[in-house]
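I set out to record where empty space is left inside this protein and which residues border it. My entries follow the structure.

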Amino acid sequence: MPRVSDAHLAARRQQILEAAWRCFAQQGFHATSMQDVFAESGLSAGAVYRYFPSKADLVRTTAEGIAGIADEVFHEMMDSDPCPWPDEALRRVITYIQELVTDDGTDRTKVALHVWSEALRNQEINGIVTSIADRLIARWVELAERWRAVGYVPADADAQKIGRTLYGVMIGFVAQRHLFGLRAEDYADGFSSITTTGHPASVAEVAGGDA
């Protein structure tokens, strides 16, 4: 029997994931059965279970993929000089995620809403959500430590608290985007308006206006 190529395996895995995303986004996580995923993907139970033995495995892979996308923009910001201010960092993160998670026609951030809800009643899903949240919070903490080092935030600021707060602001955007149609640029503008006191750009703008 000829060996199945890695490219074929990857394509089949992606086919299943995208089918699951469509089901989760349309029906919610709890209402979606593995049978729904079989039907949506057009594959047999055996073919799907070969890659994903359970719905939890589909959720884990999806969440890790979104976190991986976020990792890319966090790494870029950590490597940039000068480091972006907090308001600009939030703008970059939510814009980057919004663009990349929707490029295949299915918005995975909508899936996140259903998964967060399921996490309240399902310990296995709660563990997955907590693990990914901790990973993203750690990225914000790394940025907060750099902001503290360069004087963007007070020297005695708690980087862990900043990280958790900005994670909350980030997922707040996801919720409002799907509930109310809020755009990333409007959300980021609102955050900037209350966090740029003392920001060099704001000071320069005020000085220019008084001239």
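For the class counts below, I took Ala, Val, Leu, Ile, Met, Phe, Trp, Tyr, Cys and Pro as nonpolar, Asp, Glu, Lys and Arg as charged, and the others, Gly among them, as polar. I note that the model is predicted.

**Entry 1: the pocket**

I looked up the largest pocket and found that about 160 Å³ of space lies in it. I listed its lining as W85, P86, W147, Y152, V153, I162, T165, L166, F191 and T195. I then asked which elements give two or more residues to this lining, and noted helix 8 and helix 9 (184-195). Helix 8 gives the most, with 3 residues. By class, I recorded 8 nonpolar and 2 polar residues in the pocket lining, and no charged ones.

**Entry 2: the cavity**

I next turned to enclosed space. With a cut-off of 30 Å³ or more, I obtained a count of 1 cavity. I recorded a volume of about 430 Å³ for the largest cavity. Its lining consists of 26 residues, and I marked I66, A112, W116, I132 and L136 as those that lie nearest its centre. The elements that give two or more residues to this lining are helix 4 (55-79), helix 5 (86-100), helix 6 (108-119), helix 7 (123-150) and helix 8 (159-180).

**Entry 3: classes in the cavity lining**

How many residues of each class line the largest cavity? I entered 21 nonpolar, 3 polar and 2 charged residues. I set beside this the pocket lining, for which I had entered no charged residues.

Methods:
Residues are numbered from 1 along each chain as its sequence is written. This is a predicted model: local features need pLDDT of at least 70, side-chain atom pairs count only at pLDDT 80 or more; totals for chains, interfaces and linings use all residues. Side-chain values use heavy atoms; hydrogens and water are left out. On a 1 Å grid over the protein atoms alone, a cavity is a set of points where a 1.4 Å probe fits but cannot get out, and a pocket is an open set with protein on both sides within 12 Å along at least five of seven lines; lining residues have an atom within 4 Å of a point. Grid points are joined across faces, edges and corners, and a volume is the space filled by probe spheres set on the points. Helices (H or I, at least four residues) and strands (E, at least two) are DSSP runs, numbered from the N terminus.
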